[in-house]
Amino acid sequence: MAINLLIVDDSKVMRAMVLKTLRMTGLELTDVHEAANGREGLDRLENHWIDLAIVDINMPVMGGEEMIDRMKENPELKEIPVIVISTEGSQARIERLQHKGVTFIHKPYSAETIRDAVNHLLKMED
Ligand SMILES: [Mg+2]
């Protein structure tokens with residue numbers, strides 16, 4: 001299954017690293033969209049078919065948590081799987097995100113962690 005991916009991170013280097021990692025896992029990607037903050041991320045989501053969003057937390061303009069809250073308020077966006085990749089250290093915030101249905105991955109991450117999360121979310125394997 002090939003998917004359309006959205007990567008939201010204020011660091012261009014980080015976006016490139018996440019994409020490289022996903023390609024290494026063998027995930028078949030059709031379209032890859034990038035955004036530098038939550039507002040741009042929402043814009044991409046509203047204008048393109050996205051199967052999976054990978055989202056950073058700390059970003060200017062609009063952070064990842066607010067972006068995710070806006071997604072959850074929007075019937076057309078709320079079912080899109082979200083993986084948050086962050087150095088976030090606050091357990092309270094991580095749990096808050098998990099309660100919103102988000103998969104949380106700590107930075108630095110391993111390729112296997114991302115692969116397993118993606119496979120699980122997209123139900124390509126159990
Ligand atoms: Mg950031």
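Author: A residue is called buried here if 20 or more other C-beta atoms lie within 10 Å of its own, exposed if 12 or fewer do, and partly exposed in between. In this predicted model, buried residues make up 29% of the 126 residues in the chain.

Reader: Before the individual residues, how many helices and strands does the chain have, and in what pattern do they follow one another along the sequence?

Author: The chain has 5 helices and 5 strands, and, read along the sequence, these elements follow the pattern β-α-β-α-β-α-β-α-β-α. The radius of gyration of the chain is 13 Å, close to the 14 Å that the globule rule gives for 126 residues, so the chain is as compact as a globular protein of that length. The C-alpha trace spans about 30 × 30 × 30 Å along its principal axes. As for the contacts with a separation of 6 or more, residues 24 or more positions apart account for 62% of them.

Reader: In what order do the strands form the sheet, and which of them are the edge strands?

Author: The general idea is that strands of a sheet pair through backbone hydrogen bonds, either parallel or antiparallel. In this chain, 5 strands form an open sheet in the order β2-β1-β3-β4-β5, and the pairing is parallel. The edge strands are β2 and β5, each of which pairs on one side only, and the twist averages 20° from one strand to the next.

Reader: How many bridges join β1 to β2, and how many join β4 to β5?

Author: Strands β1 and β2, which run parallel, are joined by 6 bridges, and within this pair the bridge partner of Val8 is Ala35 in β2. Strand β4 (residues 82-86) and strand β5 (residues 103-106), which also run parallel, are joined by 4 bridges, with Ile105 in β5 as the bridge partner of Ile85. Together with helix α4 (residues 91-99), strands β4 and β5 make a right-handed β-α-β unit.

Reader: Which strands does α3 lie across, and which strands does helix α5 touch?

Author: Helix α3 lies across β1, β3 and β4, and runs at about 155° to β3. Helix α5 (residues 111-121) packs on the sheet, where it touches β3, β4 and β5, and its direction makes about 175° with that of β5.

Reader: If I now look down a helix, which residues of α2 are buried, and why do they line one face?

Author: An α-helix has 3.6 residues a turn, so residues three or four places apart point the same way. In helix α2 (residues 38-47), the buried residues are Gly38, Gly41, Leu42 and Leu45. Seen down the axis of α2, these buried residues fall within an arc of 100°, so they line one face of the helix. What covers them includes β1 (2-8), β2 (28-35), β3 (52-55) and α3 (64-73).

Reader: Which residues of α5 are buried, and what covers them?

Author: In α5, Ile114, Ala117 and Val118 are buried. Their directions, seen down the axis of α5, fall within an arc of 95°, so they line one face of the helix. The cover over these residues includes α1 (12-24), β3, β4 and β5.

Reader: Turning to a single strand residue, is Ala2 buried or exposed, and which residues does Ala2 touch?

Author: Ala2 has its place in strand β1 and is exposed, with 10 other C-beta atoms within 10 Å. Not counting residues up to four places away in sequence, Ala2 touches Glu28, Leu29 and Thr30. Ala2 and Gly26 are 24 residues apart in sequence and 10 Å apart in space, C-alpha to C-alpha.

Reader: Where should I look for backbone angles that deserve a second look, and which peptide bond is cis?

Author: Most residues other than glycine have a negative phi, and most peptide bonds are trans. In this model, a cis peptide bond joins Lys107 and Pro108, with omega about -5°, and Pro108 lies in the loop between β5 and α5. Val61, a residue other than glycine, has a positive phi, near 70°; Val61 lies in the loop between β3 and α3, and with 12 C-beta neighbours inside 10 Å it counts as exposed. Lys123, which follows α5, also has a positive phi, near 55°.

Key. Residues are numbered from 1 along each chain as its sequence is written. This is a predicted model: local features need pLDDT of at least 70, side-chain atom pairs count only at pLDDT 80 or more; totals for chains, interfaces and linings use all residues. Two strands pair if DSSP finds at least two bridges between them. Helices (H or I, at least four residues) and strands (E, at least two) are DSSP runs, numbered from the N terminus. A crossover is right-handed if, with the strands pointing away from the viewer, the path from the first strand over the helix to the second runs clockwise. The arc is that of the directions from the helix axis to the C-beta atoms. Two residues are in contact if their C-beta atoms, placed from the backbone, lie within 7 Å. Axes are lines fitted to C-alpha atoms, for helices over the stretch in contact, and angles run from 0 to 180 degrees between N-to-C directions. The radius of gyration is taken over C-alpha atoms; the globule rule is 2.2 Å times the number of residues to the power 0.38.
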